[in-house]
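I opened the notebook to go through one model from the fold inward. My plan was to look up the fold first, then the core, then the charges.

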Amino acid sequence: MFAIAITLLVLEIHVPDLTGGTTLDAAMREVRPSFVAFLISFVVIAIAWVAHRELFALIRRTDLNLVWLNILYLLPVSILPFGAALIARYGRESAALSIYGFLLLLIAMSRVTVWLYATARPHLLFDPVSARTRTVGVLTVLVPAGFYGLAILISEEAPVASLAIYAAAPALYFAGLILNRSTAPPEARDRPVT
């Protein structure tokens with residue numbers, strides 16, 4: 001499903017037509033918003049995919065609730081190509097930026113819900129996770145989500161800043177992973193954190 005969503009993202013990038021004396025440089029400037037939307041969304045979906053894989057590497061068995069929570073997690077991920085198309089075409093419009101941010105928040109909230117549900121049920125896991133791992137897993141999701149919320153709030157007044165936040169927020173995920181690995185006890189350094 002993640003691979004399909006990533007593939008759908010690229011379909012919004014069209015090779016420009018050079019009609020009416022348009023230069024390739026000018027045409028490429030028109031395509032730039034599609035590339036920006038693609039890159040941001042590609043990284044967001046890649047993070048969601050890796051987090052999903054890392055979480056399910058901890059899970060020995062599932063239950064019906066976990067299956068449904070997982071499906072709910074996949075829902076906003078599958079809609080993200082639509083949000084990316086919106087910001088590619090209407091990147092300075094508050095409605096497009098807000099819808100995109102709302103999708104990012106839905107991905108984050110559903111991801112943290114799956115994480116909390118699964119890690120609170122040791123019978124579903126190969127080994128119970130520590131309180132530290134559980135907390136880091138939540139913070140890795142909620143800190144960027146806070147920035148997504150901020151981007152939504154400022155989308156009308158500062159659309160460029162809103163888009164910049166969407167572009168920069170995924171870096172918080174990588175910063176969190178690096179910080180976690182550098183401060184974790186040696187036995188927990190290779191442990192997945194969503």
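For the fold string I took helices (H or I, at least four residues) and strands (E, at least two) as DSSP runs, numbered from the N terminus. Read that way along the sequence, the protein chain gives α-α-α-α-α-α. I noted six helices and zero strands. The model is a predicted one.

**Overall dimensions and surface**

I looked up the extent next. Along the principal axes, the C-alpha atoms of the protein chain fill a box of roughly 65 × 30 × 30 Å. The protein chain has 194 residues, and buried ones make up 43% of them. I recorded an exposed area of about 10,300 Å² for the protein chain, with 68% of it supplied by carbon and sulfur atoms.

I then checked how the contacts spread over the sequence. Counting contacts between residues at least 6 apart in sequence, 72% join residues at least 24 apart.

**Core**

Which residues touch the most other members of the largest nonpolar core? I found I45, L80, Y100 and Y166, out of 49 residues in that core. I listed the helices that each supply at least two residues of this core: helix 1 (2-10), helix 2 (24-58), helix 3 (64-90), helix 4 (94-119), helix 5 (131-154) and helix 6 (159-183). Helix 4 gives the largest share, 12 residues.

I took Y166 as the residue to follow up. Setting aside its neighbours within four places in sequence, I found Y166 in contact with I40, L97, Y100, G101, L104, Y148, A151 and I152. Y100, one of these partners, is also among the core residues that touch the most other members.

**Charges**

I turned to the charges last. The protein chain carries 14 positive and 12 negative charges, and their mean positions are 11 Å apart.

How many salt bridges does the structure hold? I found one. It is formed by the side chains of E54 and R181, at 4.0 Å from N to O. E54 lies in helix 2 and R181 in helix 6, so this pair ties together parts that are 127 residues apart in sequence.

Are the two partners buried or exposed? E54 is buried, because its relative accessible area of 11% is under the 20% cut-off. R181, with a relative accessible area of 36%, is partly exposed. I entered the pair as a buried E54 with a partly exposed R181.

Notes
Residues are numbered from 1 along each chain as its sequence is written. This is a predicted model: local features need pLDDT of at least 70, side-chain atom pairs count only at pLDDT 80 or more; totals for chains, interfaces and linings use all residues. Side-chain values use heavy atoms; hydrogens and water are left out. A nonpolar core is a set of buried Ala, Val, Leu, Ile, Met, Phe, Trp, Tyr and Cys residues joined through side-chain atoms within 4.5 Å. Buried means under 20% relative accessible area, exposed over 50%, partly exposed in between (1.4 Å probe, protein chains only). Contact means heavy atoms within 4.5 Å. Accessible areas come from the Shrake-Rupley method with a 1.4 Å probe; for residues, only the protein chains shown count as cover. Lys and Arg count as positive and Asp and Glu as negative; His and the chain ends are not counted. The place of a charge is taken as NZ of Lys, CZ of Arg, CG of Asp or CD of Glu.
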